[in-house]
Amino acid sequence: TLDRAPATVRLVLGAPAEPAFLRLEVTGPAGEPVSGLAERTPADPRAVEAAVRDAGPGPYSVTWRALSEDGQVTGGVHAFAVGAGPAEPAPGAGEPVRGGLSPLTVAARLLALLGPVALLGLAVLRFGVVEPARRAGG
């Protein structure tokens with residue numbers, strides 16, 4: 001419980017997050033968003049912060065989701081209160097959210113792994129099989 005809303009909310013993640021897939025949103029007592037855009041801090045690539053405007057006393061909720069540079073999706077919900085009384089945590093507050101493997105994620109990872117191997121195979125085929133056969137007249 002805080003006397004007034006913080007000017008910024010800052011989270012430090014276990015690994016640097018991809019800026020394009022970063023979400024941090026603070027909602028105020030009326031359920032409306034009260035935060036600005038989430039950004040990585042220049043001094044620490046693991047830290048994420050967003051500016052917050054004071055929406056008065058009551059419960060606030062911080063929802064975040066990030067794609068780390070190693071491809072892991074994480075997220076969570078935290079709560080705090082401004083004014084008298086404790087913050088009512090949202091269901092699952094404080095528990096990390098782990099992203100499952102969607103078919104699109106599996107396909108993207110498969111392409112990322114197989115793409116270079118396929119290119120290498122095409123180069124070997126061209127220069128190791130086709131070119132010698134062409135030179136030999138066949």
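The following legends describe close-up views of a predicted model.

**View 1. An open sheet is built from three strands in this predicted model.**
The 3 strands stand in the order β1-β4-β3, and their pairing is antiparallel. Strands β1 (8-12) and β3 (39-41) form the edges, each pairing on one side only. From one strand to the next, the twist averages 40°.

**View 2. Strands β3 and β4 pair in the antiparallel sense.**
Strand β4 covers residues 44-51, and 3 bridges join β4 to β3. One residue pair may be picked out here: E39 has E49 of β4 as its bridge partner.

**View 3. A salt bridge joins E49 and R10.**
The structure holds 4 salt bridges; the side chains of E49 and R10 meet in a salt bridge with an N to O distance of 3.8 Å. The contact links distant parts of the chain, since E49 lies in strand β4 and R10 in strand β1, 39 residues apart. E49 is partly exposed, with a relative accessible area of 30%. R10 is also partly exposed, its relative accessible area being 48%.

**View 4. R46 and D44 form a salt bridge.**
The closest N and O atoms of R46 and D44 are 3.7 Å apart. R46 has a relative accessibility of 34% and counts as partly exposed. D44 has a relative accessible area of 18%; because buried means under 20%, D44 is classed as buried.

**View 5. A salt bridge lies within helix α1.**
The side chains of R134 and E131 meet at 2.6 Å, N to O. Both residues belong to helix α1 (residues 103-135), where they are 3 residues apart, about one turn of the helix. R134 has a relative accessible area of 56%; this value is over 50%, and therefore R134 is exposed. E131, with a relative accessible area of 15%, is buried.

**View 6. The largest nonpolar core has 18 residues.**
The residues with the most contacts inside this core are L13, L24, V26, Y60, V62 and F80. Several strands contribute to the core: β1, β2 (17-27), β4, β5 (58-68) and β6 (73-82) each give two or more residues. Strands β1 and β4 of this group also belong to the open sheet with the order β1-β4-β3.

Technical notes. Residues are numbered from 1 along each chain as its sequence is written. This is a predicted model: local features need pLDDT of at least 70, side-chain atom pairs count only at pLDDT 80 or more; totals for chains, interfaces and linings use all residues. Side-chain values use heavy atoms; hydrogens and water are left out. Two strands pair if DSSP finds at least two bridges between them. Helices (H or I, at least four residues) and strands (E, at least two) are DSSP runs, numbered from the N terminus. Axes are lines fitted to C-alpha atoms, for helices over the stretch in contact, and angles run from 0 to 180 degrees between N-to-C directions. A nonpolar core is a set of buried Ala, Val, Leu, Ile, Met, Phe, Trp, Tyr and Cys residues joined through side-chain atoms within 4.5 Å. Buried means under 20% relative accessible area, exposed over 50%, partly exposed in between (1.4 Å probe, protein chains only).
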